[in-house]
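Please open the model in your viewer, colour it by secondary structure, and keep a selection prompt at hand. The stops below go from one element to the next, each with something to select and something to look for.

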Amino acid sequence: MNNPQPRYANDSMPCNECPAGVMHRRYIAYFTWLGEELITVPNFPAWVCDVCGKREYDGRAISMLVTLLSPEAGKPTRRVKRAPQPASRKRSVSHPPSASG
Ligand SMILES: [Zn+2]
């Protein structure tokens, strides 16, 4: 069976800025501001067009970075402890037929 090969592999995709460009996976430095601190992330996965030079940071990596930089991230998650509910058991008092005695 000959499945049609996808035109672009996982590490390249067509550029949306220019018609002929192909964006390749590259690892470049990523700069972002966290409050008043400049955060530098080396070897950040990005897409770089080989024709127009457009750079696009990898969306998944950005969301991961945002999660890492988020002050809420890293905090231990609180687990709500649920007290086991006591099994309500109806005590059925059986009245045995009175025997002699
Ligand atoms: Zn391009």
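Begin by selecting residues 22-34 and residues 37-49, which are strand 2 and strand 3, and you will see that they run antiparallel and are joined by 11 bridges. This is a predicted model, in which local features need pLDDT of at least 70 and side-chain atom pairs count only at pLDDT 80 or more, while totals for chains, interfaces and linings use all residues. For your selections, note that residues are numbered from 1 along each chain as its sequence is written. Strands here are DSSP runs of E of at least two residues, helices are runs of H or I of at least four, both numbered from the N terminus, and two strands count as paired if DSSP finds at least two bridges between them.

Staying with this pair, select Trp33, which stands opposite Leu38 of strand 3, and then Thr32, whose opposite residue in strand 3 is Ile39. Another stop along the pair is Tyr27, which has Pro45 of strand 3 opposite. As you display the side chains, bear in mind that in a regular strand they alternate between the two faces of the sheet. Where strand 2 passes into strand 3, the hairpin has two residues between the strands, and Gly35 takes a positive phi near 70 degrees.

Next, add residues 55-57, strand 4, which pairs with strand 3 in the antiparallel sense over three bridges. Here Trp47 stands opposite Glu56 of strand 4. The hairpin formed by strand 3 and strand 4 has five residues between them, and Gly53 in its turn shows a positive phi of about 80 degrees.

Within the loop between strand 3 and strand 4, select Asp50. Is Asp50 buried or exposed, if a residue is called buried with 20 or more other C-beta atoms within 10 Å of its own, exposed with 12 or fewer, and partly exposed in between, the C-beta atoms being placed from the backbone? Asp50 counts as partly exposed because it has 15 C-beta neighbours inside 10 Å. Leaving out residues up to four places away in sequence, Asp50 touches Gly21, Val22 and His24, where contact means that the C-beta atoms, placed from the backbone, lie within 7 Å. A C-alpha to C-alpha distance drawn from Asp50 to Met23 should read 6.2 Å, although the two are 27 residues apart in sequence.

Now go back to strand 1, which pairs with strand 2 in the antiparallel sense over three bridges, and find Pro14 opposite Val22 of strand 2. With every strand selected, the picture is an open sheet of four strands in the order 1-2-3-4, with antiparallel pairing. Its edge strands are strand 1 (12-14) and strand 4, each of which pairs on one side only. Neighbouring strands of this sheet are turned by 55 degrees against each other on average, direction ignored, the axes being lines fitted to C-alpha atoms (for helices over the stretch in contact) and angles running from 0 to 180 degrees between N-to-C directions.

For the last element, show helix 1, which lies across strand 2, strand 3 and strand 4 and runs at about 165 degrees to strand 3. Ser70 belongs to the segment after helix 1 (59-69), and Ser70 counts as exposed because it has 11 C-beta neighbours inside 10 Å.

Finally, display the whole chain, whose elements run β-β-β-β-α from the N terminus on. Of its 101 residues, 4% count as buried.

Notes:
Contact = placed C-beta atoms within 7 Å.
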